[in-house]
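Hi,

Here is the structure I promised to pass on to you. Have it open while you read, and my notes on what turned up in it follow right below.

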Amino acid sequence: MAFEPPQRLVRALGESAPDGDDWLEKLPETVREAVAARELTVERVQVPGGRSSLVVLVRHADGTPAVLKLAPPRFRLEAERAALTRWDGLGAVQLVEGPVSEGVLLLERLHPDVSVRSLPEAKALLEAAGTLRRLWVEPPAGHAFETVAERTGRQAEAMRARADAEVGSLVDAALAAREELLAAPPEHRLLHGTFRQSKVLAGERMPWLAVGPDPVVGECAFDLARLVRDRVEDLIATPSGAATTRRRVKRLAESLEVDQERLRGWTLFRAVESGVRALRVGRPRDAELLLEFAGWV
């Protein structure tokens with residue numbers, strides 16, 4: 001299969017592995033092997049696609065549509081496989097049985113170009129929140145998923161390394177919030193990990209299904225916090241953005257029965273972490289939006 005990887009993916013991999021990565025060089029052969037092993041027919045590569053994986057639209061021998069997803073090892077595709085197995089199609093895309101290959105998943109085909117983000121904002125938040133609630137289940141016994149404490153611990157170290165005068169006060173506030181939140185987490189659930197409106201696609205067996213988890217085990221407020229800042233560029237562009245943000249925290253906390261202050265704390269931490277990371281990899285505009293949003297929280 002001859003193809004050019006989507007530029008969005010190439011740029012993102014360059015940010016996460018600036019010293020180089022041979023995964024892209026091997027990708028055409030990896031796709032050919034994965035397609036042949038599963039007796040699939042390729043339709044096309046999904047463009048612009050994601051920032052961490054290649055998505056290929058395929059069909060089974062009987063014509064049934066499916067999706068082949070391939071990602072470098074550092075993006076924990078095996079953890080995604082385990083989470084999708086635990087959810088078994090409830091609220092999330094269904095994992096299709098087939099040969100198990102590291103870094104390769106075969107999934108049911110949703111409507112890749114129709115996300116909940118296409119809905120009006122209020123409706124999009126409602127549908128996204130309802131989908132997220134279905135994913136908050138007990139993790140399987142003996143699971144090997146990363147915990148919120150472990151993931152945010154790595155992130156905290158990276159934030160401290162970039163805590164200069166420009167962002168120091170926000171980083172200090174975010175780190176203090178993390179320490180307080182981790183002292184007494186109210187529950188330990190299997191979480192999506194990177195949930196937002198664009199991660200919820202239209203499906204056939206259910207109207208909306210989540211895709212692309214980076215699963216983690218911890219409290220529900222951590223998962224919901226990423227949804228709070230969805231459409232951050234629109235929030236920043238409106239004079240009432242700060243007030244709208246505070247109302248959104250309150251509304252989402254109440255609708256999903258999450259403690260409002262814990263949601264606010266994790267929203268602050270996750271926004272600052274993302275903003276600092278954007279600065280580190282050379283995306284100043286994204287960093288500016290995220291850090292201004294964090295200042296409102």
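Start with helix α7, whose buried residues are Cys220, Ala221, Phe222, Asp223, Leu224, Ala225, Arg226, Leu227 and Val228. That makes nine buried residues out of nine for this helix, which spans residues 220–228 and is mostly covered. Before you go further, keep in mind that this is a predicted model.

Now for the sheets. As a bit of background, strands of a sheet pair through backbone hydrogen bonds, and they do so either parallel or antiparallel.

One open sheet here has four strands in the order β1-β2-β3-β4, and the pairing is antiparallel. At its edges sit β1 (41–45) and β4, each of which pairs on one side only. On average, neighbouring strands of this sheet are turned by 30° against each other if you ignore direction. Helix α2 (residues 23–37) packs on the sheet and touches β1, β2, β3 and β4, and its direction makes about 145° with that of β3.

You can walk through this sheet pair by pair:

- β1 and β2 are antiparallel and share four bridges. Val45 has Val56 in β2 as its bridge partner.
- β2 (residues 54–59) is joined to β3 by six bridges, again antiparallel. Here Val56 turns up once more, standing opposite Leu68 in β3.
- β3 and β4 (residues 104–108) run antiparallel too, with five bridges between them. Look for Lys69, whose bridge partner in β4 is Leu105.

While you are at β2 and β3, check the hairpin they form: it has five residues between the strands, and Gly63 takes a positive phi near 95° there.

Is strand β3 enclosed by the rest of the structure, or open? It is largely enclosed, because five of the six residues of β3 (residues 65–70) are buried. To follow that reasoning you need the cut-off: a residue counts as buried when its relative accessible area is under 20%. It also helps to know that in a regular strand the side chains alternate between the two faces of the sheet.

There is another open sheet, this one with three strands in the order β5-β7-β8 and antiparallel pairing. Its edge strands are β5 (111–115) and β8 (208–210), and each pairs on one side only. The twist from one strand to the next averages 55°. Strand β7 (residues 200–202) is linked to β8 by three bridges, with the two running antiparallel. To find that spot, look for Val200, which stands opposite Ala210 in β8. Helix α4 (residues 121–135) lies across β7 and β8 and runs at about 55° to β8.

Next, the empty spaces. Rolling a probe the size of a water molecule over the atoms shows where empty space is left.

How many cavities of 30 Å³ or more does a search of the whole structure find? It finds one. The largest cavity holds about 30 Å³ of space. Around it you will find Pro6, Leu9, Gln46, Pro48, Gly49, Gly50, Ser53, Leu54 and Val55. By type, that lining has five nonpolar residues, four polar and no charged ones.

I also looked at the second largest pocket, which has a volume of about 150 Å³. Its lining is made of Ala173, Ala177, Glu180, Leu181, Asp259, Glu261, Arg262, Arg264, Gly265 and Leu268. Two or more of these residues come from each of α6 (168–183) and α10 (260–280). The biggest share of the lining is from α10, with five residues. Which types of residue line the second largest pocket? Four are nonpolar, one is polar and five are charged.

One last residue to click on is Gln7, which belongs to helix α1 (residues 7–16). Is Gln7 buried or partly exposed? Its relative accessibility is 48%, so Gln7 counts as partly exposed. If you want to try out a distance, take the C-alpha atoms of Gln7 and Thr147: they are 32 Å apart, with the two residues 140 apart along the chain.

Have fun looking around, and write back with anything that puzzles you.

Cheers

Note on methods
Residues are numbered from 1 along each chain as its sequence is written. This is a predicted model: local features need pLDDT of at least 70, side-chain atom pairs count only at pLDDT 80 or more; totals for chains, interfaces and linings use all residues. Side-chain values use heavy atoms; hydrogens and water are left out. Buried means under 20% relative accessible area, exposed over 50%, partly exposed in between (1.4 Å probe, protein chains only). On a 1 Å grid over the protein atoms alone, a cavity is a set of points where a 1.4 Å probe fits but cannot get out, and a pocket is an open set with protein on both sides within 12 Å along at least five of seven lines; lining residues have an atom within 4 Å of a point. Grid points are joined across faces, edges and corners, and a volume is the space filled by probe spheres set on the points. Ala, Val, Leu, Ile, Met, Phe, Trp, Tyr, Cys and Pro count as nonpolar, Asp, Glu, Lys and Arg as charged, and the others, Gly among them, as polar. Two strands pair if DSSP finds at least two bridges between them. Axes are lines fitted to C-alpha atoms, for helices over the stretch in contact, and angles run from 0 to 180 degrees between N-to-C directions. Contact means heavy atoms within 4.5 Å.
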